[in-house]
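User: Please take a close look at one part of this structure, the charged side chains and the places where they sit. I have not seen this structure before, so start with the chain as a whole.

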Amino acid sequence: GGSITTKFIQNGTVVAGADVTAGSYIFNGRVRAGAGSVRVEDRGGSKGGSIVGGQVMAGVRVEACRLGSVETDRTLVGIVVEPTLAAEVTHLRQAHQRLTGEIAALQARLGITSPNDRQQLARLIARTEAAQLDQVETQLQQLRGWLAEAEELQNGVDRTQTQMLGQLEAGRIRIRRDVYSHVQIQIGTQIRQLTQAIPDGCEFFADDGRVRWRALD
């Protein structure tokens, strides 16, 4: 769950909960920094600072000197949602879906759509035998509790999705020197494949649902 620092990564898989730092290069590696950044330092001669081939994903930021190469056409680098956030949204949605089904079933049994609608409640009481009134009142209380719980679950989904969107919008892929053609840049679910090289460095980011880039200052 912490950070990992290594001299280089070649033909290997590295997964960290926080940051991954490679001292010289990443070649054909599968790298994932869940809630952190991937940094490739400019050491190790001509290969220094390079990400070539493979797949490199971070939750916050990717920094390197070079991305791709003339000989390699399969380099994917991206900013993706932290796995724990994605899992939390899935859990909340599933819980909300289950509870919504239980709410609908109880509403059908009671013959109402809202436990707070006076007209519906009056008709429900009128058609309920006296011996069953306590049971109906218990069911109404349960329905109110479930509705409040469902609302809180939906609020949790909305909050987490907002957090995920903010993470992706703040994410940056910063390449200080050369970006070669045929590199793929992914931010969230959006992927951009470069058809031309970008010399002198650039920064990739998400804007209006698209992957964009700008020259470094």
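Analyst: **The chain as a whole**

The protein chain exposes about 12,100 Å² of surface, and carbon and sulfur atoms supply 47% of that area. This is a predicted model, so every value here is computed from predicted coordinates. The protein chain holds three helices and 16 strands. Its radius of gyration is 26 Å, well over the 17 Å that the globule rule gives for 217 residues, so the protein chain is more spread out than a compact globule. Along the principal axes, the C-alpha atoms fill a box of roughly 90 × 30 × 25 Å. Of the 217 residues, 41% count as buried. Among contacts between residues at least 6 apart in sequence, 43% join residues at least 24 apart.

**Salt bridges**

With that background, the charged side chains can be taken in turn. How many salt bridges does a search of the whole structure find? The search finds eleven.

Glu203 is a useful place to start. Its side chain meets that of Arg174 in a salt bridge, with an N to O distance of 3.5 Å. Glu203 lies in strand S15 and Arg174 in strand S12 (residues 172–179), so this pair ties together parts that are 29 residues apart in sequence. The partners sit in unlike surroundings: Glu203 counts as buried at 9% relative accessibility, whereas Arg174 is partly exposed, with a relative accessible area of 29%.

Glu203 also forms a salt bridge with Arg214, where the closest N and O atoms are 3.1 Å apart. Arg214 lies in strand S16 (residues 210–215) and Glu203 in strand S15, so this pair ties together parts that are eleven residues apart in sequence. Arg214 counts as partly exposed, at 37% relative accessibility. Salt bridges that share partners join Glu203, Arg174 and Arg214 into one network with Asp19, Arg39, Arg61, Glu63 and Arg172.

Glu41 and Arg43 form another salt bridge, and their closest N and O atoms are 2.7 Å apart. Glu41 counts as partly exposed, at 34% relative accessibility.

**A buried arginine without a salt bridge**

Arg66 is found in strand S10, which covers residues 61–67. Arg66 is buried yet has no salt bridge. The nearest side chain of opposite charge is that of Asp178, 4.4 Å away. A salt bridge needs the nitrogen and the oxygen within 4 Å, so this pair does not count as one.

What does lie beside the side chain of Arg66? One of its polar atoms is 2.5 Å from the backbone oxygen of Gly48. Beyond its neighbours within four places in sequence, Arg66 is in contact with Ser46, Gly48, Gly49, Ser50 and Ile51, and also with Ile175, Arg177 and Asp178.

**A buried threonine for comparison**

Thr75, an uncharged residue, can be set beside Arg66. Thr75 belongs to strand S11 (residues 75–79). With a relative accessible area of 3%, Thr75 is buried. A polar atom of its side chain lies 2.7 Å from the backbone nitrogen of Gly53. Leaving aside neighbours within four places in sequence, Thr75 is in contact with Ile51, Val52, Gly53, Gly54, Leu67, Gly68, Val183 and Gln184. Ile51 is thus among the contacts of Arg66 and among those of Thr75.

**Loop residues with positive phi**

The last stop is in the loops. Most residues other than glycine have a negative phi. Asp200 has a positive phi of about 70° although it is not a glycine. Asp200 is found in the loop between strand S14 (190–193) and strand S15 (202–207). Is Asp200 buried or exposed? At 65% relative accessibility, Asp200 counts as exposed.

Asn11 also departs from the usual sign, with a positive phi near 55° in a residue other than glycine. The loop that holds Asn11 runs between strand S2 (9–10) and strand S3 (13–16). Asn11 counts as exposed, at 57% relative accessibility.

Key. Residues are numbered from 1 along each chain as its sequence is written. This is a predicted model: local features need pLDDT of at least 70, side-chain atom pairs count only at pLDDT 80 or more; totals for chains, interfaces and linings use all residues. Side-chain values use heavy atoms; hydrogens and water are left out. Helices (H or I, at least four residues) and strands (E, at least two) are DSSP runs, numbered from the N terminus. Buried means under 20% relative accessible area, exposed over 50%, partly exposed in between (1.4 Å probe, protein chains only). Lys and Arg count as positive and Asp and Glu as negative; His and the chain ends are not counted. A polar contact is a pair of N or O atoms within 3.5 Å; within protein, one must be able to donate a hydrogen and the other to accept it, and residues adjacent in sequence count only if both atoms are side-chain atoms. Contact means heavy atoms within 4.5 Å. The radius of gyration is taken over C-alpha atoms; the globule rule is 2.2 Å times the number of residues to the power 0.38. Accessible areas come from the Shrake-Rupley method with a 1.4 Å probe; for residues, only the protein chains shown count as cover.
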